[in-house]
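Hello,

Here is the structure I promised to pass on to you. Please have a look at it first, and then read my notes underneath.

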Amino acid sequence: MRKMSRSAVIGALSVVPLCGCWLVPVTHTEVCVDWVQFETMQQRFDHAGAVLIGTPLKRDGEVRIYGYQANVHTVEVEQAPKGRIGTGPARVASMPVTCGKSYPDGDALDSGARQLLFLTQQNGEWVTMTPDQGAAPFPPGTALPFKIR
């Protein structure tokens, strides 16, 4: 009987350290992305899930993309030459640069200027396709730099 109670105590003590696994905080993994570089605006248009002409109005929260915090903006949409986004306000996340700080040169959507936005969807959110080529200045009166197909 004594052997059995000793075995039960040893068994119980060996399980206790495993219970602490749930108490350890979960860490987030960051991913370094090798971004594609489009040579023309037409290539950006062709590869985008949606293209908007609009003006970012304000920040509207954050989401995590590839382990990094990404700024979400409310964008006043004037026109959507591609994709199923109507006019009016839309939520768009600005793709962060990976392998370091999210926006080492600033967030392109913080400018508040009218822009062309080349978007893709990730986790149900519209996101600029790349950090460098997801947004381009587009002043009023400028002709579209791509053909709508």
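**What turned up**

Y66 is partly exposed, because its relative accessible area is 33%. Before you go further, please keep in mind that this is a predicted model. The place of Y66 is the loop between β1 (50-65) and β2 (68-82). What caught my eye there is the backbone: Y66 is not a glycine, yet its phi is positive, at about 55°. For context, most residues other than glycine have a negative phi.

Which other residue has a positive phi although it is not a glycine? That is N123, again with a value of about 55°. N123 sits in the loop between β4 and β5 (125-128). With a relative accessibility of 72%, N123 counts as exposed, because the cut-off for that class is over 50%.

Now for the overall layout. The chain is built from two helices and six strands. Reading from the N terminus, the order is α-α-β-β-β-β-β-β. There are 149 residues in the chain, and 38% of them count as buried. The accessible surface amounts to about 9,300 Å², and carbon and sulfur atoms account for 57% of that. On the contact side, take the pairs in the chain that are at least 6 residues apart in sequence: 63% of these contacts join residues at least 24 apart.

How many disulfides are there? The count comes to one, and the bond joins C32 to C99, with the sulfur atoms 1.9 Å apart. The two cysteines belong to distant parts of the chain, 67 residues apart. C32 is in the loop between α1 (2-19) and α2 (41-47), while C99 is in the loop between β3 (88-93) and β4 (115-122). As for their surroundings, C32 counts as exposed, because its relative accessibility is 52%. C99 has a relative accessible area of 46% and is therefore partly exposed.

R114 also deserves a look, and you will find this arginine in the loop between β3 and β4. Is R114 buried or exposed? R114 is buried: its relative accessible area is 19%, and the cut-off is under 20%. The R114 side chain reaches two backbone oxygens, that of F138 at 3.0 Å and that of P139 at 3.2 Å. Once neighbours within four places in sequence are set aside, the contacts of R114 include I53, G54, T55 and E78. The list for R114 also takes in P137, F138, P139, P140 and G141.

One last residue to select in your viewer is L57, which is in strand β1. Since the relative accessibility of L57 is 53%, this leucine counts as exposed. L57 and G112 are separated by 55 residues in sequence, but their C-alpha atoms are 6.1 Å apart in space. Not counting residues up to four places away in sequence, L57 touches T74, V75 and E76.

That is everything I wanted to hand over. If you would like a place to start, you could display the disulfide between C32 and C99 and then move on to the side chain of R114 with the backbone oxygens of F138 and P139.

Best wishes, and happy browsing!

Notes:
Residues are numbered from 1 along each chain as its sequence is written. This is a predicted model: local features need pLDDT of at least 70, side-chain atom pairs count only at pLDDT 80 or more; totals for chains, interfaces and linings use all residues. Side-chain values use heavy atoms; hydrogens and water are left out. A disulfide is a pair of cysteine sulfur atoms within 2.5 Å. Helices (H or I, at least four residues) and strands (E, at least two) are DSSP runs, numbered from the N terminus. Buried means under 20% relative accessible area, exposed over 50%, partly exposed in between (1.4 Å probe, protein chains only). A polar contact is a pair of N or O atoms within 3.5 Å; within protein, one must be able to donate a hydrogen and the other to accept it, and residues adjacent in sequence count only if both atoms are side-chain atoms. Contact means heavy atoms within 4.5 Å. Accessible areas come from the Shrake-Rupley method with a 1.4 Å probe; for residues, only the protein chains shown count as cover.
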